[in-house]
Amino acid sequence: MQVGNLSKIIASSVLVAFLTACSSTGETTDASASTQASQVAAEAAALAEAQALKDAQAQAAAQAQVEAQAQAQADANAAQQAANDAAAQVLAQQQQAQDAAKALAHVIYFDFDQSTIKAEFRTALNGHAAYLSQNPSARIVLEGHADERGTREYNIALGERRGNAVSRYLVVQGVSVDAIEVVSFGEERPVNAGHDSASLAENRRVEVRYINY
Amino acid sequence: MRVNKMIQLPQRAPKTMSISVFSAAVFSLLLSFSAWSQSLVIEITQGVDNPVPIAVVPFQWSGVNALNEDVAQVIDADLERSGQFKSLKRSLMLSFPYQKDDVYYRDWQYLATEYLVIGQVLPTSTGGYQVDYQLFDVQRQDAIAGGRFSGGKNDLRALGHSVSDAVYEALTGLKGAFRTRIAYVAADKKVNPSYYKLLVADADGYNAKEILKSSQPIMSPSWSRDATKLAYVSFETNRPAIYVQDITTGQRERIKSFKGINGAPAWSPDGGKLAMVLSKDGNAEIYVLDLTSKRLTRVTKHYGIDTEPAWSVDGKHILFTSDRGGKPQIYQVTLDSGWVERLTFEGDYNARGSLTHDGRFLVLVSRHDDQFHIAVQDLQRGTMSLLTQTSLDESPSVAPNGSMVIYSTQVGGRDILAAVSIDGKVKFNIPANEGVVREPAWSPYLN
């Protein structure tokens with residue numbers, strides 16, 4: 001299309017130059033006049049061609065600029081899209097990790113007057129440790145609890161000892177101390193109001209509570 | 001139930017009591033029952049084998065309006081609750097003397113009464129009351145003691161308790177602790193919203209007053225020496241902190257809220273310091289806070305649990321529970337030197353020790369056959385004896401005269417308060433009519 005326009009411009013310029021040359025020589029048909037006319041026409045044609053080229057160049061440049069801009073925009077859009085896609089993927093991964101952390105056991109149980117972490121809870125704690133070390137802004141509270149047997153303030157200390165045992169386990173796995181707070185409620189907040197040994201066992205626990213993920 | 005304890009009005013009304021005053025008295029009594037709905041009810045479950053027979057005659061009232069309290073009934077209940085006295089029913093009394101000249105010893109000898117209490121209530125010019133009493137030895141036909149107490153218009157029960165204290169002291173040689181209070185924690189998880197409350201009641205369970213209500217646990221009330229303030233632990237911020245609250249004005253102050261444990265506050269005998277447990281330095285340790293200078297001094301230093309501080313009578317030592325030997329036992333630290341010695345050796349769980357006013361007996365929680373009992377160790381003889389046979393007994397608190405220990409136990413799966421004499425012979429239960437009650441703290445003598 002651009003080339004077509006240009007050839008039209010050149011063709012019309014040549015025609016104009018030829019007609020001009022003809023008119024300036026009148027009805028004369030001698031060779032010198034004819035030569036002169038064709039020279040003028042050639043000059044005019046050359047001039048027109050140069051002008052046309054210049055115009056074409058300018059237009060091409062403008063066009064190129066528009067094209068470049070469009071390309072840049074397209075590139076930027078693509079980059080944005082890619083970034084968005086990546087972020088979404090990270091978010092999805094994060095959500096997945098968070099969901100995985102949420103799916104882990106959040107309650108660790110203990111024997112009477114004991115704060116030893118039993119082997120069966122290591123998998124869950126390892127999972128929490130992995131999540132916490134990969135998500136440095138995540139924060140947890142370890143709530144220590146005891147059953148109703150024994151004295152209340154001793155049980156507060158016992159609940160804290162259990163919380164500290166879990167905290168130490170996580171820190172050894174690479175979790176920052178700053179991500180963990182231990183709060184003991186002793187025997188004051190039982191989850192099971194029963195007094196049989198199964199109920200008591202449910203109350204001797206540390207609850208892993210996420211403040212933020 | 002409280003209603004069952006409605007007093008029996010004298011069958012032979014004193015001369016000055018008109019019929020209209022009589023019915024007004026019944027009416028005001030009925031009114032006062034509603035105010036008792038939160039009170040504790042005392043059920044005596046065990047007394048001494050041969051309680052001393054005593055008669056407390058209805059006190060004469062010479063005022064115009066009916067009294068809303070029966071002073072003689074208050075005294076009667078106090079003496080019965082000690083387990084050491086058996087009071088004579090009013091319906092069996094042959095006369096209602098209120099002054100010495102009207103006492104016919106022969107009547108009381110006939111009823112096998114050994115001691116007789118009579119008295120009268122008089123209005124004071126300031127709108128309060130004056131209570132005069134006299135105590136007689138029926139066998140010897142002689143007055144043993146007598147006196148006068150006065151107070152404001154709401155002090156009638158308190159004046160009755162003062163008479164009980166005086167009578168008890170005259171007959172036992174031990175200062176009475178009837179005019180004292182108990183602080184305790186109540187909780188109800190079955191209501192919505194569930195709650196924790198800190199309450200203060202008279203030692204006989206009357207006049208229960210709410211000090212604090214929270215959706216989070218409240219623990220470890222401890223009385224100031226002048227019985228005007230309570231230190232306690234509240235989790236109202238989702239973390240434990242120690243507060244001190246004036247029980248009259250309600251004004252309170254947060255004393256300590258370090259990271260970790262802030263627990264087990266215990267007022268020193270001189271009233272100027274507060275022992276407490278903090279875990280800010282790693283694990284549960286005993287500290288002493290000077291309430292004037294605000295200086296905090298660390299007392300124990302051990303990787304084991306150190307908790308439940310209790311002061312010696314002279315304020316130079318602190319008893320505490322520690323599992324530094326593997327299992328919880330009671331230890332004592334000398335504050336000047338830091339010297340620690342172990343006090344309990346019998347059994348593998350001894351905790352929450354405190355001393356009687358004379359420093360002779362160590363009252364504690366002790367586990368035997370997997371059951372937690374209240375026990376007492378004679379520090380002179382080194383012998384330990386169990387005061388209770390129930391399980392899950394905890395939080396013993398000794399009356400300021402060392403006669404009784406109030407504690408919490410479980411009956412039918414519910415926490416209730418109970419009391420036992422230091423010799424284990426007298427027991428009574430103090431069930432609440434709602435929720436559970438626990439962690440009783442017996443106040444010092446009231447000023």
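This report describes confidence, strand pairing, nonpolar cores and selected residues in a predicted complex.

The model is predicted, so that local features are described only at pLDDT of at least 70 and side-chain atom pairs only at pLDDT 80 or more, while totals for chains, interfaces and linings use all residues; side-chain values use heavy atoms, with hydrogens and water left out. Residues are numbered from 1 along each chain as its sequence is written, and chains are lettered from A, and ligands numbered from 1, in the order in which they are written.

## Confidence

The predictor assigns the complex an ipTM of 0.88 and a pTM of 0.81. For chain B the mean pLDDT (the predictor's confidence in each residue, from 0 to 100) is 90, and 91% of the residues of chain B reach 70 or more. Residues 1–37 of chain B stay under a pLDDT of 50, and for this stretch the model has 39 contacts beyond four places in sequence, a contact being heavy atoms within 4.5 Å. Where pLDDT is low, predicted coordinates should not be read in detail.

## Chain A

Chain A holds 5 helices and 4 strands, where helices (H or I, at least four residues) and strands (E, at least two) are DSSP runs numbered from the N terminus. Read from the N terminus, the order of elements in chain A is α-α-β-α-β-α-β-α-β. Of the 213 residues in chain A, 36% are buried; buried means under 20% relative accessible area, exposed over 50% and partly exposed in between, with a 1.4 Å probe and protein chains only. Among the contacts in chain A with a separation of 6 or more, 75% involve residues 24 or more positions apart.

## Strand pairing

Two strands count as paired if DSSP finds at least two bridges between them. In chain A, strand β4 (residues 205–212) runs antiparallel to β1 (residues 107–109) and antiparallel to β2 (residues 139–145). In chain B, β8 and β9 likewise pair in the antiparallel sense. The table sets out these three pairings together with one pair of facing residues for each.

| Strand pair | Bridges | Facing residues |
|---|---|---|
| β1 (107–109) and β4 (205–212), chain A | 3 bridges | A:Tyr109 and A:Arg205 |
| β2 (139–145) and β4, chain A | 6 bridges | A:Arg139 and A:Asn212 |
| β8 (181–188) and β9 (195–202), chain B | 8 bridges | B:Arg181 and B:Asp202 |

The pairing of β8 with β9 belongs to an open, antiparallel sheet of 4 strands in chain B, ordered β10-β9-β8-β31. Its edge strands are β10 (209–214) and β31 (436–442), each of which pairs on one side only. With direction ignored, neighbouring strands of this sheet are turned by 20° against each other on average, the axes being lines fitted to C-alpha atoms (for helices over the stretch in contact) and angles running from 0 to 180 degrees between N-to-C directions.

## Nonpolar cores

A nonpolar core is a set of buried Ala, Val, Leu, Ile, Met, Phe, Trp, Tyr and Cys residues joined through side-chain atoms within 4.5 Å. The largest such core has 47 residues, and those with the most contacts inside it include B:Ile255, B:Leu274, B:Met276 and B:Val405. Strand β16 (residues 273–278) of chain B contributes the largest share of this core, 5 residues. Apart from it lies another core of 24 residues, among them B:Val56, B:Ala72, B:Val163 and B:Ala166.

Not counting residues up to four places away in sequence, B:Ile255 touches B:Ile242, B:Tyr243, B:Val244, B:Leu274, B:Met276 and B:Leu289.

## Selected residues of chain B

B:Glu394 lies in strand β27 (residues 394–398) and counts as buried because its relative accessibility is 7%. Its side chain joins that of A:Arg152 in a polar contact of 3.3 Å, a polar contact being a pair of N or O atoms within 3.5 Å, of which, within protein, one must be able to donate a hydrogen and the other to accept it, and residues adjacent in sequence count only if both atoms are side-chain atoms. Beyond four places in sequence, B:Glu394 touches residues of both chains, including A:Gly150, A:Thr151, A:Glu187, B:Val365 and B:Tyr407.

B:Thr409, in strand β28 (residues 404–411), is likewise buried, at 3% relative accessibility. The side chain of B:Thr409 makes a polar contact of 2.5 Å with the side chain of B:Asp393.

B:Pro123, in strand β5 (residues 115–123), is partly exposed, with a relative accessible area of 44%. The C-alpha atoms of B:Pro123 and B:Ser150 are separated by 9.3 Å, although these residues are 27 residues apart along the chain.
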